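Got your viewer open? Let's walk through this one together, picking out one piece at a time.

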Amino acid sequence: MTSIFKPARTALGLVGLLVAAHAIGQAPSIADRYGKNLDEQISRDYPGIELLYKDLHANPELAFAEVRTAKKLADELRGLGFDVTEGVGKTGVVGILRNGQGPTIMVRTELDALPMEEKTSLSYASNIKTTYAGKETFVAHSCGHDLHMAAWVGTAMTLANIRGQWQGTLMFVAQPAEEVLSGAKAMLDDGLFKRFGKPDFAFALHTWPMAYGEIGFNVGAVTSNSDGFEAVFHGRGAHGSAPDKSIDPVLMASRFVVDVQGVISREKDPFQFGVFSVGAIQGGTSGNIIPDNVTLRGTIRSYDQSVRTKMHEGIRRTAKAAAATSGAPEPEVNILPGGNAVINNAALVERTEATLRAALGANIKRMPPITPSEDFSEYADAGVPAMFFLVGVYDPKDVEASRRPGGKPLPGNHSPSFAPVPEPTIKSSVKAMSLAVLTALQR
Ligand SMILES: [Zn+2]
Ligand SMILES: [Zn+2]
């Protein structure tokens, strides 16, 4: 009996093995299936994408004023056969490409630049000026949003060109006003997910001062929760020579600024990220007058929601205590919610990581969260599993040199000298984003 069944079992075993290998290798097979094809596709499209990048870089626009920029992107998507709607959330653009049964995948770029002067010596540097908060200011793409737009268009081109090879719906979203953390909310308030459908997954990438070709991400928080802080300490003004006639708000504010760091160092879990910085103190007019009031402004950053709540409570309590110690009325404390941390979905990251690692190898790395904030969190908070990843922008040799003792640090995002190397950065961004979308399209 054994001898009769042996060949059959072997044959079945082989089939089983092949099926299992196919199932296990499903994600990496996307890299095998599309990898080389994508490289050729991206190289073919690249010259046009670089022209677009340099044009966007030289013509930056501020938050909610991205009219020319939005029009350019809308035209690009229309040319690729997307169904395009402009003016969503003021200047936002939504492009939909329906391509049969399958999931809907959202890819977001930002449209806006920063009110600052560019100090690179690039031939395509910006010298655009505009009026911002009543003052004339330069405008520059010093956060890399121009590169995100180029990669976004490049990804749309790549995926549209191979539409015979996948099924589903692409939802390309160009969002205004990321720098002021209002554009995502503006688009959602304008019915982004009601009018165009709620996507199954959402992706966004961001430039970061690491080596080009490198892609970094994490599971869980990848950017910080950001909250504003404002407090007014009320006292009683008096002559500087007669402090006994006063309730001194300068003393209260000083006590608060020092004591509140105890919330960070003694109450918060030391393994959890949390920062509270007071950036402005305003009160008084003259050295010999104790003022009535002192106003403080600051910023609170965290990754974890429970740490965030604990810091808010501690900050309020310390402010009240500082006033109570002086016998002063309760201070006014306002904690102004800013952006939430972007939380990367674990299952989505793991799936995408398998494909990216198979295609791009050692350049794919898990990295700790970054301290800035991002309103891409709005889409995740609206219930869409999301992944936000960082792409490197500098020559690996320069990055290595900058890390040697005495090495010159490379300019980061928001530096006037921030200058990504376009070709390798855009190409690897397009490839990584295209592979991420193709992976998410396989259900
Ligand atoms: Zn920025
Ligand atoms: Zn940015």
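How many Å apart do the C-alpha centres of domain 1 and domain 2 lie? Before we get to that, keep in mind that this is a predicted model.

**Stop 1: the two domains**

Select residues 28–223 together with 341–441 and give them one colour: that's domain 1 in the domain assignment. Now give 225–337 another colour, and you have domain 2. The C-alpha centres of these two domains lie 38 Å apart. Look at where the domains touch: five residues from domain 1 and four residues from domain 2 make the contact. On the domain 1 side, the touching residues are three nonpolar and two polar, with no charged ones.

**Stop 2: the sheet**

Stay with residues in the 225–337 stretch, which is domain 2. Find the open sheet of four strands, and read across it in the order β12-β14-β10-β15. The pairing is antiparallel. If that word is new to you, strands of a sheet pair through backbone hydrogen bonds, either parallel or antiparallel.

Which strands stand at the edges? Select 274–282 for β12 and 332–337 for β15: each has a single partner strand, so one side of each is left without a neighbour in the sheet. Turn the view and you can follow the twist, which averages 20° from one strand to the next.

Next, pick out β10 (residues 225–234) and β14 (residues 293–302), an antiparallel pair held over ten bridges. Zoom in on E230, whose bridge partner in β14 is R297. Then hop to V232, which has T295 of β14 as its bridge partner.

Keep T295 selected and add Q282, which stands opposite T295 in β14. For the wider view, show β12 and β14 whole: they pair in the antiparallel sense over eight bridges.

Now add residues 249–259. That's helix α7, lying across β10, β12 and β14 and running at about 15° to β14.

**Stop 3: helix α13 and α4**

Time to switch to helices. Two packed helices are described by the angle between their axes and the distance between the axes. Select α4 (residues 145–161) along with α13: their axes come within 8 Å and cross at roughly 50°. The two are therefore oblique to each other. Their crossing is right-handed.

Which residues make the contact? From α4, show L147, A150, A151, G154, T155, T158 and L159. From α13, show T425, I426, S429, V430, M433, S434 and V437. Colour them by class and you'll get eight nonpolar and six polar, with no charged residues.

**Stop 4: helix α13 and α10**

Leave α13 (residues 422–441) on screen and bring in α10 (residues 346–360). The axes of α10 and α13 come within 9 Å and cross at roughly 135°. That angle makes α10 oblique to α13. The crossing of α10 and α13 is right-handed.

For the contact itself, select R351, T352, T355, L356, A359 and L360 in α10, then A432, L435, A436 and T439 in α13. How do these divide by class? Count six nonpolar, three polar and one charged.

Terms used: Residues numbered from 1 in each chain as written. Chains lettered and ligands numbered in written order. Predicted model: local features only at pLDDT ≥ 70, side-chain atom pairs only at ≥ 80, totals over all residues. Axes fitted to C-alpha atoms, helices over the stretch in contact; angles between N-to-C directions. Parallel < 35°, antiparallel > 145°, perpendicular 65-115°, else oblique. Left-handed = near helix turned anticlockwise from the far one by under 90°. Contact = placed C-beta atoms within 7 Å. Nonpolar A, V, L, I, M, F, W, Y, C, P; charged D, E, K, R; others polar. Domains from an automatic or database assignment. Pairing = 2+ DSSP bridges.
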